[in-house]
Amino acid sequence: MTNLTLSTEVMTGYNCSALYRPSSNESLLCTDSTLTADGTGESLASAEMYLVPIIAGFGIVGNTLAFIVFRHKSIRENSSSFFLAVRSLSDIGFLVTLLIIWTSSVFGLYLSRILLVCKTLIFLSYVFGCLSVWLVVLVTAENYIRICKPALVKIVCKTRNAKLICLLLVISILISYSFPFWTMTDDCTPLHIHYEFVTVMVYIDSVFTLFLPSIVILILMAQIAVSLINSNNRRRRLGKFPIAGKMNIFTKVTQMLFAVTLVFVILNIPSHVVRLRLVIASFFKNSLAIRTSDAIAQSIATMLYYASMAINVIIYLTFGSRFRQALVRIIRGEEFRTNRLCHERERMTRMSMSMQTIPTQCSTNNNLLNIETSMKRAHSAEI
């Protein structure tokens with residue numbers, strides 16, 4: 001395998017066996033690195049042929065539901081809800097891209113041969129993958145502020161700030177990952193003149209989507225853990241214990257955010273290890289012998305990476321009490337009924353005001369009529 005093909009796999013994060021089809025020559029966004037001589041590659045391809053659509057389908061439905069809930073009026077004013085709502089959209093985008101690639105591979109649609117489709121799929125996979133990672137970093141940072149710097153919560157943790165940060169993040173990522181459109185041919189192989197640039201971008205991508213986010217998340221989580229331990233120790237020394245059933249909203253929010261970060265880290269560690277190995281291998285040598293154990297490890301790591309973008313709704317339902325309450329309200333249609341009642345009250349108020357206005361107008365008309373009659377009578381008397 002050349003540095004180029006290896007770099008493509010390192011950058012996209014896609015496992016070849018998930019996209020490989022023995023009966024076709026199509027290879028979209030992947031190489032043949034996981035296809036081993038003993039047939040393990042074909043076995044992995046068979047397993048992933050069923051796992052990929054299940055994971056992607058469940059994730060698309062779950063993230064759509066999560067986005068709807070996070071935009072519910074009862075929790076949408078929370079800045080962390082906005083970050084998680086945007087992350088739901090990003091994960092949906094990634095999983096839809098994955099499902100398109102899977103469909104092309106399994107059903108032989110050869111979408112990579114259509115002009116700009118291959119470049120667009122690579123571009124979207126980069127954008128959504130990077131965006132999801134950094135949104136988790138932002139969620140972790142907000143949780144750090146809520147636990148370790150509570151005095152800054154009212155200043156920093158605002159929806160307006162969250163929207164501005166997300167806008168700047170999206171613009172930066174779109175610009176940074178636009179290079180496939182001008183450095184690659186229509187079949188997604190780098191132009192010779194841009195070969196070195198694409199290779200450099202591989203390592204830059206690894207820094208900004210693997211090493212830097214991992215370091216930031218681990219540092220923040222360590223600070224959070226230390227703060228929680230110290231808080232627990234102080235409570236024990238002072239003889240103060242939390243009263244059952246009196247856990248405030250602040251604690252509930254931080255619990256869910258901590259769970260989001262922890263699950264993300266656990267499910268992404270295997271893929272990070274595999275990706276790190278590929279980066280090191282591509283840096284030091286031009287080829288990398290793929291053993292059966294490597295192929296299996298890479299396949300499992302890739303499925304866990306996909307799952308990290310698909311099971312978010314389970315985490316929210318398990319650890320987010322406000323998320324569950326908002327979901328129940330949506331299922332019961334309480335928001336719809338509330339809006340309908342508000343409209344009904346508004347209509348009744350308008351009718352009431354109209355009814356109050358009508359007698360006033362009638363009495364005014366009657367007074368004018370009486371005055372006119374009196375004047376006529378007076379005029380008749382004078383005559």
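Visitor: Which residue follows helix 9, and what is its phi?

Guide: Gly239 comes right after helix 9, and its phi is positive, near 75°. Keep in mind that this is a predicted model.

Visitor: How do I check the length of helix 9 against its residue count?

Guide: Multiply out the expected rise and compare it with the distance between the ends. Helix 9 covers residues 195-238, which is 44 residues, and at 1.5 Å a residue it should span 64 Å. The C-alpha atoms at its ends are 64 Å apart, so the two values agree.

Visitor: Where is the kink in helix 9 centred?

Guide: The kink is centred on Val207 and amounts to about 40°. Val207 also belongs to a nonpolar surface patch.

Visitor: Which residues make that nonpolar patch, and what is its area?

Guide: The patch is about 950 Å². Its members are Val200, Ile204, Val207, Phe208, Phe211, Leu212, Ile215, Ile219, Leu276, Ile280 and Phe284. Helix 9 and helix 10 (249-284) are the elements that give two or more residues to it. Helix 9 supplies the largest share, eight residues.

Visitor: Why do residues a few places apart in a helix point the same way?

Guide: An α-helix has 3.6 residues a turn, so a step of three or four places brings the chain round to the same side. In the patch, Val200, Ile204, Val207, Phe208 and Phe211 are among the residues listed.

Visitor: Is Phe284 buried or exposed?

Guide: Phe284, a residue of helix 10, is exposed, because its relative accessible area of 66% is over the 50% cut-off.

Visitor: Now the charged side chains. How many salt bridges does a search of the whole structure find?

Guide: The general idea is that side chains of opposite charge can pair when their charged atoms come close. Here the search of the whole structure finds two salt bridges.

In one, Arg87 pairs with Asp91, and their closest N and O atoms are 3.4 Å apart. These two residues are four apart in helix 4 (residues 79-106), so about one helical turn separates them.

In the other, Arg146 meets Glu142, at 3.1 Å from N to O. Arg146 and Glu142 are likewise four residues apart, in helix 5 (residues 117-148), which means a separation of about one helical turn.

Visitor: Are the residues of these salt bridges buried or exposed?

Guide: Arg87 and Asp91 are both buried. Arg146 has a relative accessible area of 8% and is buried. Glu142 is buried too, with 5%. The cut-off for buried is under 20% relative accessible area.

Notes:
Residues are numbered from 1 along each chain as its sequence is written. This is a predicted model: local features need pLDDT of at least 70, side-chain atom pairs count only at pLDDT 80 or more; totals for chains, interfaces and linings use all residues. Side-chain values use heavy atoms; hydrogens and water are left out. The expected span of a helix is 1.5 Å times one less than its number of residues. The bend at a residue is the angle between axes fitted to the seven residues ending there and the seven starting there. Patches are made of residues with over 30% relative accessible area and no salt bridge: like charges are joined within 9 Å, nonpolar side chains (Val, Leu, Ile, Met, Phe, Trp, Tyr) within 5 Å. Accessible areas come from the Shrake-Rupley method with a 1.4 Å probe; for residues, only the protein chains shown count as cover. A salt bridge is a side-chain nitrogen of Lys or Arg within 4 Å of a carboxyl oxygen of Asp or Glu. Buried means under 20% relative accessible area, exposed over 50%, partly exposed in between (1.4 Å probe, protein chains only).
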